[in-house]
Amino acid sequence: MKIRLLALLLCANSAHADTPQQILDGLVAQAGPASVTRGEKLFRGKFSGGKTADSCTACHTENAKLPGQHARTHKAIDPIAPVAQKDRFTDAAKVEKWFKRNCQEVLGRVCSAQEKADFTAYMISVK
Amino acid sequence: MGITWKNLLTLILSVAATVMVINNAPADDEAIFPMPAGKTYVEECGSCHTAYAPGLLPARSWRRMMGELDNHFGEDASLSEPQQLEILKALETLAADGNQANMRMRRIHGAIPAGTAPQRISETGYFKFMHDEVRPSIWKRKKIGTLANCIACHTRANEGRYGEREVRIPQ
């Protein structure tokens with residue numbers, strides 16, 4: 001009984017806080033297999049579609065484990081890699097929100113499910 | 001009355017208690033602004049920039065800003081409608097010309113010409129007056145960079161605290 005209750009509690013808890021792997025699984029279910037290499041290329045790529053910055057690294061820096069800084073407001077940004085910042089990629093709604101904003105700001109368009117899966121796979125792979 | 005251990009101890013304790021009270025009391029000159037309740041404001045607005053205290057601008061400025069979020073200083077900062085309405089309501093309530101405005105907020109409002117709805121806090125008279133001693137070279141420091149980066153020096157700005165004693169200027 002105690003174990004069942006504990007399991008129930010853990011399940012209830014995981015509805016709010018996912019692991020980065022669970023977030024990735026959700027994206028892969030929509031996109032197909034993710035590629036760490038493609039994800040890194042997206043992270044480091046230079047683009048011209050967006051108005052805020054020409055790359056992810058403009059704000060998040062070349063090293064995903066280090067704190068970044070907003071390109072326009074200069075506000076400090078916590079590291080984006082989950083290995084360095086525990087709450088990264090643990091809330092699906094938050095992940096979607098930031099893909100929506102940042103893809104528009106850098107690429108000038110929405111990101112595909114494949115791009116999101118690749119990007120997330122790369123961030124998880126950063127050790 | 002001679003000095004006894006008992007009254008010496010009483011003296012020490014009362015001095016210590018007084019020091020604690022003085023250190024913890026918000027002094028009259030500390031700029032503390034009311035902030036919206038809940039997490040929405042800091043999480044939505046405060047993720048790209050400081051969660052500016054609503055009392056730094058009048059309600060008409062916030063109304064215009066919240067009506068133009070799809071072009072927010074050149075960027076699309078759109079929110080869901082419930083969030084947009086929740087934040088606007090809080091901003092209007094706590095604005096510089098709101099019902100509960102304190103003396104400082106009224107001064108901020110008083111320095112803004114009627115009929116204008118400034119969008120940048122840094123362009124208001126009060127901001128300029130309060131920061132006139134900050135050298136241009138300090139604003140250019142990497143960790144500060146822009147006039148919009150309040151939280152770089154006012155480390156508790158997201159709690160509405162702009163008091164001078166809590167200013168820490170990064171090198």
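How many salt bridges does the structure hold over all chains? The count is 15. This is a predicted model, so keep the confidence colouring switched on while you go round.

**Stop 1: chain B on its own**

Hide chain A for a moment and show chain B as a cartoon. You should see seven helices and zero strands, so reading from the N terminus gives α-α-α-α-α-α-α. Now orient the view along the principal axes: the C-alpha atoms fill a box of roughly 75 × 40 × 30 Å. The radius of gyration of chain B is 20 Å, whereas a compact globule of 171 residues would come out near 16 Å.

Colour chain B by accessibility next. Of its 171 residues, 39% are buried. If you draw the contacts within chain B between residues at least 6 apart in sequence, 56% of them turn out to join residues at least 24 apart.

**Stop 2: a pair and a network inside chain B**

Select B:Arg64 and B:Glu68 and show their side chains. They meet in a salt bridge, 3.5 Å from N to O. Buried or partly exposed: which is B:Arg64? With a relative accessible area of 42%, B:Arg64 is partly exposed. B:Glu68 also falls in the partly exposed class, at 34% relative accessibility. Then add B:Arg156, B:Glu159, B:Arg161 and B:Glu166 to the selection: salt bridges that share partners tie these four into one network.

**Stop 3: bring chain A back**

Show both chains and select the residues in contact across the interface. You'll pick up 12 residues of chain A and 17 residues of chain B. Together the two chains bury about 1400 Å², with 40% of that on carbon and sulfur atoms. On the chain A side, click on A:Arg72, A:Lys75 and A:Arg101: these lose the most area to chain B, together 38% of what that side buries.

Turn on polar contacts across the interface of chain A and chain B. There are 10 residue pairs in polar contact, counting pairs with both residues at pLDDT 80 or more. Helix α5 of chain A, residues 92-107, is the one to highlight here, as it gives the most to the side that touches chain B, with four residues. Colour that side of chain A by residue type and it divides into one nonpolar, five polar and six charged.

**Stop 4: the salt bridges between the chains**

How many salt bridges are there between chain A and chain B? The count is three. Start with A:Arg72, already clicked on at the last stop: A:Arg72 pairs with B:Glu75, and the closest N and O atoms are 2.9 Å apart.

Now centre the view on B:Glu44. This residue forms a salt bridge with A:Lys97, where the closest N and O atoms are 3.0 Å apart. B:Glu44 sits in helix α2 of chain B (residues 40-44) and A:Lys97 in helix α5 of chain A, so the pair joins two chains. Both B:Glu44 and A:Lys97 are buried.

Stay on B:Glu44 and add A:Arg101. Their side chains meet in a salt bridge too, at 3.3 Å from N to O. Here again the pair crosses between chains, from helix α2 of chain B to helix α5 of chain A. Why does B:Glu44 count as buried? Its relative accessibility is 11%, and the cut-off for buried is under 20%. A:Arg101 is buried as well, with a relative accessible area of 10%.

Note on methods: Residues are numbered from 1 along each chain as its sequence is written. Chains are lettered from A and ligands numbered from 1 in the order in which they are written. This is a predicted model: local features need pLDDT of at least 70, side-chain atom pairs count only at pLDDT 80 or more; totals for chains, interfaces and linings use all residues. Side-chain values use heavy atoms; hydrogens and water are left out. Contact means heavy atoms within 4.5 Å. Buried area is the accessible area (1.4 Å probe) that two parts lose on being put together, summed over both. A polar contact is a pair of N or O atoms within 3.5 Å; within protein, one must be able to donate a hydrogen and the other to accept it, and residues adjacent in sequence count only if both atoms are side-chain atoms. Ala, Val, Leu, Ile, Met, Phe, Trp, Tyr, Cys and Pro count as nonpolar, Asp, Glu, Lys and Arg as charged, and the others, Gly among them, as polar. The radius of gyration is taken over C-alpha atoms; the globule rule is 2.2 Å times the number of residues to the power 0.38. Buried means under 20% relative accessible area, exposed over 50%, partly exposed in between (1.4 Å probe, protein chains only).
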